[in-house]
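Me: I've just opened this one and could use a hand reading it. Can we go through it step by step?

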Amino acid sequence: MPYNTLEDIQLRKDELKDNIQQQSGQISAIWRELTTPHPANTKGEMIAGLITNSITAIDGFLLVRKLIRSYGFIFGRKKRR
């Protein structure tokens, strides 16, 4: 779409600004929905959540341990001989 006057450019700029603000609101709502913890409705869901969180924590611990062993010199640790 060719823009011939400054008014055309200003109108298009305002349209884009409104569109960006609308999409930003939608993204914020979706992000809030994703990051809000949902309470477990049943005991089974609660136990499944605990197991999932435990596995995630153990996995994170093992990853950090492996990285420190491999790249310990970055963290100021001397390499074992």
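**A first walk through the model**

Buried residues account for 1% of the 81 residues in the protein chain. Keep in mind that this is a predicted model.

Me: How many helices and how many strands does the protein chain have?

Reply: Helix H1 covers residues 6-35, and helix H2 covers 43-70. Pro37 sits in the loop between H1 and H2. The full tally for the protein chain is two helices and zero strands.

Me: What radius of gyration does the protein chain have, next to a compact globule of 81 residues?

Reply: Start with the box that the C-alpha atoms fill, roughly 75 × 45 × 20 Å along the principal axes. A compact globule of 81 residues would come out near 12 Å, but the radius of gyration here is 25 Å.

Me: Which side chain does Glu15 meet in a salt bridge?

Reply: In general, side chains of opposite charge can pair when their charged atoms come close. Glu15 has a partner three residues away in helix H1, so the two are separated by about one helical turn. The N to O distance is 3.5 Å, inside the 4 Å cut-off for a salt bridge. The partner is Arg12.

Me: Are Glu15 and Arg12 buried or exposed?

Reply: Buried means under 20% relative accessible area and exposed means over 50%, so anything in between is partly exposed. Glu15 has 48%, and Arg12 has 34%. That makes Glu15 partly exposed, and Arg12 also counts as partly exposed.

Me: How far apart are the mean positions of the positive and negative charges?

Reply: The protein chain carries 13 positive and 8 negative charges. Take the mean position of each set, and the gap between them is 32 Å.

Me: What is the area of the nonpolar surface patch that includes Tyr71?

Reply: Tyr71 is found in the segment after helix H2. Its relative accessible area is 44%, so Tyr71 is partly exposed and clears the 30% cut-off for patches. Leu63, Leu67, Phe73, Ile74 and Phe75 join Tyr71 in the patch. Its area is about 680 Å².

Me: Is Pro37 buried or exposed, and how far in space is it from Thr52?

Reply: With a relative accessible area of 68%, Pro37 is over the 50% cut-off, so it is exposed. Pro37 and Thr52 are 15 residues apart in sequence. From C-alpha to C-alpha, their separation in space is 14 Å.

Note on methods
Residues numbered from 1 in each chain as written. Predicted model: local features only at pLDDT ≥ 70, side-chain atom pairs only at ≥ 80, totals over all residues. Heavy atoms only, no water. Patch = residues over 30% accessible without salt bridge, like charges linked within 9 Å, V, L, I, M, F, W, Y side chains within 5 Å. Areas by Shrake-Rupley, 256 points an atom, 1.4 Å probe, with all protein chains shown as cover. Helix = DSSP H or I, 4+ residues; strand = E, 2+ residues; numbered from the N terminus. Buried < 20%, exposed > 50% of the residue type's maximum accessible area, 1.4 Å probe, protein only. Rg over C-alpha atoms; globule rule 2.2 N^0.38 Å. Lys, Arg positive; Asp, Glu negative; His and termini not counted. Charge placed at Lys NZ, Arg CZ, Asp CG, Glu CD.
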